[in-house]
Amino acid sequence: MTRYSKLEVGLLIFLIIVALLPFVLILVIAEESPYHPVSGEPVNEAALATGITITSAKNTTWNMPGAIGGKTYVLTDNKGEVVTVSTQSFSSAEARDAAIRMYHSQPIGRGKPVGSLVVLGQHLVYVTPANSDILKRLAPELKKNRTP
Amino acid sequence: MSEEASGQSNGIPSKKVLGLFALAMINVAAVLSIRNFPSMAVYGWSCIGWYIMGAVMFLIPISLAGAELATGWPQGGGVYAWVKQAFGEKGGFTALFCEWSNNLVWFPTVLSFIASTLAFALTPELANSPYYMFSVMMIAFWGTTAIAYFGEEASTKFGNVGVILGSIIPAILIILLGVWWMGSGAALVLPPLTLEAMMPVINVTTLPFFATIILLFAGMEMAGFHALETKNPQKDFPRAMALSAVIIVVCTVLATLAIAMVIPANQLNLASGVMQAIEYFFKAAGVPWLVAPMAILITLGGVVSLAAWLIGPAKGLGIVAEEGNMPPLFDKTNKYGAPVAVLVIQALIGSLISLLYVFLPSVNQAYWILSAMTVELLCIVYVLVFASVIKLRYSQPNTPRPFKIPGGMAGVWIVGGLGMFGTIFAFIVGLMPPSYFTTSGFTYVGSVLLGTFLLAVPPLVFLKFKKASWLKPAGGVR
């Protein structure tokens, strides 16, 4: 039977720990978004509170198990920037987390997924483009709903 | 017999089973993804402009650079062999390790895609069950690892059949349905084509997307890992690069436009997924019965893509271990020539990360940071590859290169420079947090950089502890 030196075994353990460390660190650093009921329409309220104009709002239900409805908003600001925001409420934490996994499993090429996904209790808020002044302005209002 | 001629690296025999078609299919499997089509279709005609930018700033440079490097240094190991020639073992090992470690972040996402797409063909509700997801993910992961265990011949057969069934046929089907849609006189949701409509909008808000587009065609170097098993690398690599680039571009652009012409942009809700878009498309085209078979084919396409990325860098690490840069523990090759130790270690680490991915709740922000790390690690690989093609023209001008980037030194600088500019730009922009993030910008950038550093640094530790006894002498007995 092959015997390995302490150095070899140590390097194997080092490799496994180093490979797992970033995942553990990031999972610790990144804040959790627990599933909880959020009343009202967070995007609508955030837009009203920050003076962003809602150009249109349509009811929409994503074709996903556990999706129970939401709205697609087109928002614009006084600089003429336009973003599309789609919200969806989910019937359970499992259904919502499955939707989050699906989003992250569809990056473009080897990059990141398109747009930005915000988790607010039972809602998912999908914003495209990911970086915009409108989302920056909405963020503080939306964050109020992040935890119960 | 020379090492190249015998297809050996330190005494490990390699069966020469790969020809032009098989090499091209390895690249197609690694790069062509149905997952990209609906995401890009949202951009309408301007997706053409985005694709052109991705091709000019990355696809063409990496194809030309890869072809020159693969024909000049066809020793096996892919990016490791190329970068090592230019920047020594540290550079080569780091480039290869970054390519391998970025897979560790990517594996759970592609495995999750495979499991949820298969669920779409069976019962979509299954995707909500972490137990279903993890089981299918593990079957796909360890199954692909098992195929790799049986060596290049088995992997090639699986890859060739899989990429045709799972990537090329679905893409052609989407294109044909688009053509039929146009011919049928049905309403097209895209406005008339104009030059202006094709131009992408580039501003501060679209910069991160611009960076993503640059890595849209990442993986074109994958065939380089299989140099030892290639029948005629000097002749076949450049032709395989060209063939795969044509297949990838034609399928990607036409299939994206087909979707964009049929599905209104507001229906292409990206958070709803690829299969939802495909379902809408096929129902609109009057063939809803094709949705489930298509889901199975796309699942297969996902598995083939996984196989291409799982096997290539692992083979590279096998070569590194054979050369004595990793302890003998990592240098276990079976009778099929597969690097079993690396494959098993990779599968164990990948399984642990997949476990975290599936069972930890609310991983949204964590996975965004991890996706950013994937981008950074890949950028390191490509910067080193582009720098190598330039440096080797100076340091080894007389090494025969059956394929040379045209245009002499100016051509190399233009190709290498464009590629380096694109990937450095993608690296910098990859550090930009999205507008909505609950952690501070400093924490975000720090996390991405720290994670990237941790996943890039192990080669330097291995080389620091390197021992002469790790090198396997000719004949294969240590």
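Is Val125(A) buried or exposed? In the predicted model, Val125(A) is buried, with a relative accessible area of 1%. This residue belongs to strand E5 of chain A, which covers residues 123–128. Beyond its neighbours within four places in sequence, Val125(A) is in contact with Val43(A), Val85(A), Ser86(A), Thr87(A), Ser116(A), Leu117(A), Val118(A) and Leu120(A). A further relation across the sequence links Val125(A) to Gln88(A): the two residues are 37 positions apart along the chain, while their C-alpha atoms are 6.6 Å apart in space.

The setting of this residue is a chain with both types of secondary structure. Chain A contains 4 helices and 5 strands, and these elements follow the order α-α-β-β-β-α-β-β-α from the N terminus. For its 148 residues, a compact globule would have a radius of gyration near 15 Å, but the value for chain A is 20 Å. The C-alpha trace of chain A spans about 70 × 35 × 30 Å along its principal axes. Of the 148 residues in chain A, 55% are buried. When contacts between residues at least 6 apart in sequence are considered, 56% of those in chain A join residues at least 24 apart. The surface exposed by chain A is about 6200 Å², with carbon and sulfur atoms supplying 58% of this area. Chain A carries 14 positive and 11 negative charges, and the mean positions of the two groups are 6 Å apart.

Chain B has 17 helices and 0 strands. A compact globule of 478 residues would have a radius of gyration near 23 Å, and the value of 22 Å for chain B agrees with this expectation. Its C-alpha atoms fill a box of roughly 65 × 55 × 50 Å along the principal axes. Buried residues account for 65% of the 478 residues of chain B. Among contacts of chain B that join residues at least 6 apart in sequence, 81% are between residues at least 24 apart. The accessible surface of chain B is about 16100 Å², and 72% of this area belongs to carbon and sulfur atoms. The side chains of chain B include 22 positive and 17 negative groups, and the centres of these two sets lie 7 Å apart.

Two residues of chain B were examined within helix H7, which covers residues 151–183. Ser155(B), located in this helix, counts as buried because its relative accessibility is 11%, under the 20% limit. Outside its neighbours within four places in sequence, Ser155(B) is in contact with Ile147(B), Ala148(B) and Ile311(B). Ile169(B) also lies in helix H7, but this residue counts as partly exposed at 34% relative accessibility. With residues up to four places away in sequence set aside, Ile169(B) touches Ile164(B) and Leu297(B). The C-alpha atoms of Ile169(B) and Ala86(B) are separated by 40 Å, and the two residues are 83 positions apart along the chain.

A residue of chain B with contacts to chain A is found in helix H16, which covers residues 441–456 of chain B. In this helix, Ser447(B) is buried, with a relative accessible area of 6%. Not counting residues up to four places away in sequence, Ser447(B) touches Ile26(A) and Ile29(A) of chain A, together with Ile369(B) and Met373(B) of chain B. For the complex as a whole, the predictor gives an ipTM of 0.89 and a pTM of 0.90.

Confidence varies along chain B. The average pLDDT of this chain is 88, and 94% of the residues score at least 70. Among the elements of chain B, helix H6 (residues 130–149) has the highest mean pLDDT, at 96, whereas helix H1 (residues 3–6) has the lowest, at 40. Over residues 1–11 of chain B, pLDDT stays under 50, and the model has 26 contacts beyond four places in sequence for this segment. Where pLDDT is low, the predicted coordinates should not be read in detail.

Methods: Residues are numbered from 1 along each chain as its sequence is written. Chains are lettered from A and ligands numbered from 1 in the order in which they are written. This is a predicted model: local features need pLDDT of at least 70, side-chain atom pairs count only at pLDDT 80 or more; totals for chains, interfaces and linings use all residues. Side-chain values use heavy atoms; hydrogens and water are left out. The radius of gyration is taken over C-alpha atoms; the globule rule is 2.2 Å times the number of residues to the power 0.38. Buried means under 20% relative accessible area, exposed over 50%, partly exposed in between (1.4 Å probe, protein chains only). Contact means heavy atoms within 4.5 Å. Accessible areas come from the Shrake-Rupley method with a 1.4 Å probe; for residues, only the protein chains shown count as cover. Lys and Arg count as positive and Asp and Glu as negative; His and the chain ends are not counted. The place of a charge is taken as NZ of Lys, CZ of Arg, CG of Asp or CD of Glu. pLDDT is the predictor's confidence in each residue, from 0 to 100.
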